[in-house]
Amino acid sequence: MPIVAQSSTETDWVSRFADDVIAESERRAPGKPVVVASGLSPSGPIHLGNLREVMTPHLVADEIRRRGREVRHLVSWDDYDRYRKVPAGVQGVDGTWAEHIGKPLTSVPAPSGSPHPNWAEHFKAAMAESLAELGVEYDPVSQTEQYTSGAYREQVLHAMRHRARIDGILDQYRTKAKASPKKQQKPVDEAELEAAEGSGAASEDDGGGGSAGYFPYKPYCGNCEKDLTTVTEYVEATTELTYSCAACGFSETVRLSEFNRGKLVWKVDWPMRWAYEGVIFEPSGVDHSSPGSSFVVGGQIVREVFDGVQPIGPMYAFVGISGMAKMSSSRGGVPTPADALKIMEAPLLRWLYARRKPNQAFKIAFDQEIQRLYDEWDRLESRVAEGAALPADAAAYARAARTAAGELPRTPRPLPYRTLASVVDITAGHDEQTLRILSELDPANPLSSLDEARPRLDRAENWITTQVPAEARTVVRCEPDAELLDSLGDDARESLRLLLERLDTHWSLDGLTTLVYGVPKVMAGLDPDAKPTPELKAAQRAFFALLYRLLVGRETGPRLPTLLLAVGADRVRKLLAA
């Protein structure tokens, strides 16, 4: 029986697209598997903006599978693209990487120390591992294999026969581009990931030619392997093609009907693949909405040259990053799915992509915001369990927590992320101490093993150690602050005495929460259930600041109940005894 996400097409964007895709597939290719597609370029680390290129069709494909329909999600690895530039953080690692610019990505050596055979395979491997963890089912397509095996030979020869028509189509848009005002250059912002980058959008070449005319095909040089080549002659009857290389001066004549060392330029390659693979649904980044973009031009080329139909699919918006801590400086780039999966569980990351419509931008948290996101996720899970979640929210949760193949791995005891982060911050990851503290959170139902809190515990620990600056980490005092204790007035001393007097009877997360908020109420002569007033809130803030100063030497820190549990009753008494 297929797993169905409880949703409504009026509120759930995934269901709405699935309806459209199924209907379009039945119109174009009745009875055949539905084909959806993504494209990724392994030219460097594949970041979280690129992930939207995969997650959007994945969620739609997964919904179609839940309905019992056969669907193929093609992920085209654009590994036969040219190596365009040396990514930040790689220069100088192993030789001069700039010398490889112009070669196919699969002909560039892998970064130093990599176990993979070439540059493309190195970056593909990291993304493939992340997609597996995210539960993304797909059929990989290597463009290197497709071109070098001759799979596209007929399509290449067809494009060469119709090169005048292609040139005419492209020229319409070249004219528009010249006529339109120059776009203002956006400032570089490492926290903004342009989702379209990495699917060919970065290579908007449409081919060109010298005195011999226009050619939509670019050979890789038989001597230096670079694409700095110019076709100088093509004989259609024999398919003999002559080219010369500007990089090394090499030239040769080959028979294109037998030659597999080159590729169609991007603006021709993409529509060719739509027709070849029968793609029904493929999203694209917002930059493809502009006149002359590869998506717009491709729509005309696929119809008029390859007798195909452009896929349906939304333009998707940017993905941003809130807080990057060490990531930018250590990597020289923006975070990848693997980076995100080190600090958050796969269902949470899936949820961030599932809950927003493709045309809505959103941010992925690497800073304190991740704690709020986890709180929101936990509340949603509770509402879903109670049957109180809104239909769209319940659908997004279902798509995040499971796929058509089944449930994603989950934490048996999902303790609050902010609590886990506070505990591992204080204990510096010491397992015995961590287990003691977590077991005391709920004495009636103590944790018996840290495995019950994993993998969420490990993600929280990774967040603390990789994303929280050293100066923001919590260090508990070893000795009392004698000077501060001696300077306290009678009211402050009395508030500390009340806290320590009731410590044992309130030794649980809920109990300590009641205690730290209750002491200022007692000091003000109020009932323990008294509603907060501005004066009471001010007194509570002052009391909390005093406790933080005595325990960790600053006026803020982890939630006090968690901090007290982590420090331990004996040490709390030692540090607070006035």
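Two strands are said to pair if DSSP finds at least two bridges between them, where strands (E, at least two residues) and helices (H or I, at least four residues) are DSSP runs numbered from the N terminus. The exercises below concern a predicted model, in which local features need pLDDT of at least 70 and side-chain atom pairs count only at pLDDT 80 or more, while totals for chains, interfaces and linings use all residues. Residues are numbered from 1 along each chain as its sequence is written, and side-chain values use heavy atoms, with hydrogens and water left out.

**Exercise 1. The sheet E6-E7-E8**

Task: Describe how the strands E6, E7 and E8 are arranged in their sheet, and find the bridge partner of Val-231 in E7.

Solution: Begin with the order, which is E6-E7-E8 in an open sheet of three strands with antiparallel pairing. Strand E6 (229-235) and strand E8 (251-255) are the edges, and each has a single partner strand, so one side of each is left without a neighbour in the sheet. Neighbouring strands here are turned by 20° against each other on average, direction ignored; such angles are taken between axes, which are lines fitted to C-alpha atoms (for helices over the stretch in contact), and run from 0 to 180 degrees between N-to-C directions.

Next, look at one pair of strands in detail. E6 and strand E7 (residues 240-245) are antiparallel and are joined by six bridges. The partner of Val-231 in E7 is Tyr-243, and Glu-233 stands opposite Thr-242, also in E7. Finally, E6 and E7 form a hairpin with four residues between them, and in the turn Thr-239 has a positive phi of about 60°.

**Exercise 2. The sheet E1-E2-E3**

Task: Work out the pairing sense of the sheet E1-E2-E3 and name its edge strands.

Solution: This open sheet has three strands in the order E1-E2-E3, and the pairing is parallel. The edge strands are strand E1 (34-40) and strand E3 (139-142), each of which pairs on one side only. From one strand to the next, the twist averages 25°. Seven bridges join E1 to strand E2 (residues 71-77), and the residue in E2 that is the bridge partner of Val-35 is Arg-72.

**Exercise 3. Cysteines and disulfides**

Task: Determine how many disulfides the structure holds, and explain why Cys-221 is not bonded to Cys-248.

Solution: First recall that a disulfide is a covalent bond between the sulfur atoms of two cysteines. The criterion used here is a pair of cysteine sulfur atoms within 2.5 Å, and the structure holds zero disulfides. The closest cysteine sulfur to that of Cys-221 belongs to Cys-248 and is 3.6 Å away, which is too far for a bond. Cys-224 is likewise in no disulfide, and the nearest cysteine sulfur to it, that of Cys-245, is 3.6 Å away.

Then consider burial, for which buried means under 20% relative accessible area, exposed over 50%, and partly exposed in between (1.4 Å probe, protein chains only). Cys-221 counts as buried at 1% relative accessibility, and Cys-224 is buried with a relative accessible area of 17%.

**Exercise 4. Helix H16**

Task: Check the span of helix H16 against its expected span, and decide where its buried residues lie around the axis.

Solution: The expected span of a helix is 1.5 Å times one less than its number of residues. For the twelve residues of H16 (residues 456-467) this gives 16 Å, and the end C-alpha atoms are 16 Å apart, which agrees. The buried residues in H16 are Arg-456, Leu-457, Arg-459, Ala-460, Trp-463, Ile-464 and Gln-467. Seen down the axis, these buried residues fall within an arc of 165°, so they line one face of the helix; the arc is that of the directions from the helix axis to the C-beta atoms.

Thr-466 also lies in H16, but this residue is partly exposed, with a relative accessible area of 31%.

**Exercise 5. Helix H13 and Ser-422**

Task: Find how many residues of helix H13 are buried, and state whether Ser-422 is buried or exposed.

Solution: Helix H13 (residues 391-401) is mostly covered, since eight of its eleven residues are buried. Among the elements covering these buried residues are helix H1 (13-28), helix H2 (48-66) and helix H12 (369-386).

Ser-422 is found in helix H14 (residues 417-427) and counts as buried at 10% relative accessibility. Leaving aside residues up to four places away in sequence, Ser-422 touches Pro-558, Arg-559 and Thr-562, where contact means heavy atoms within 4.5 Å.
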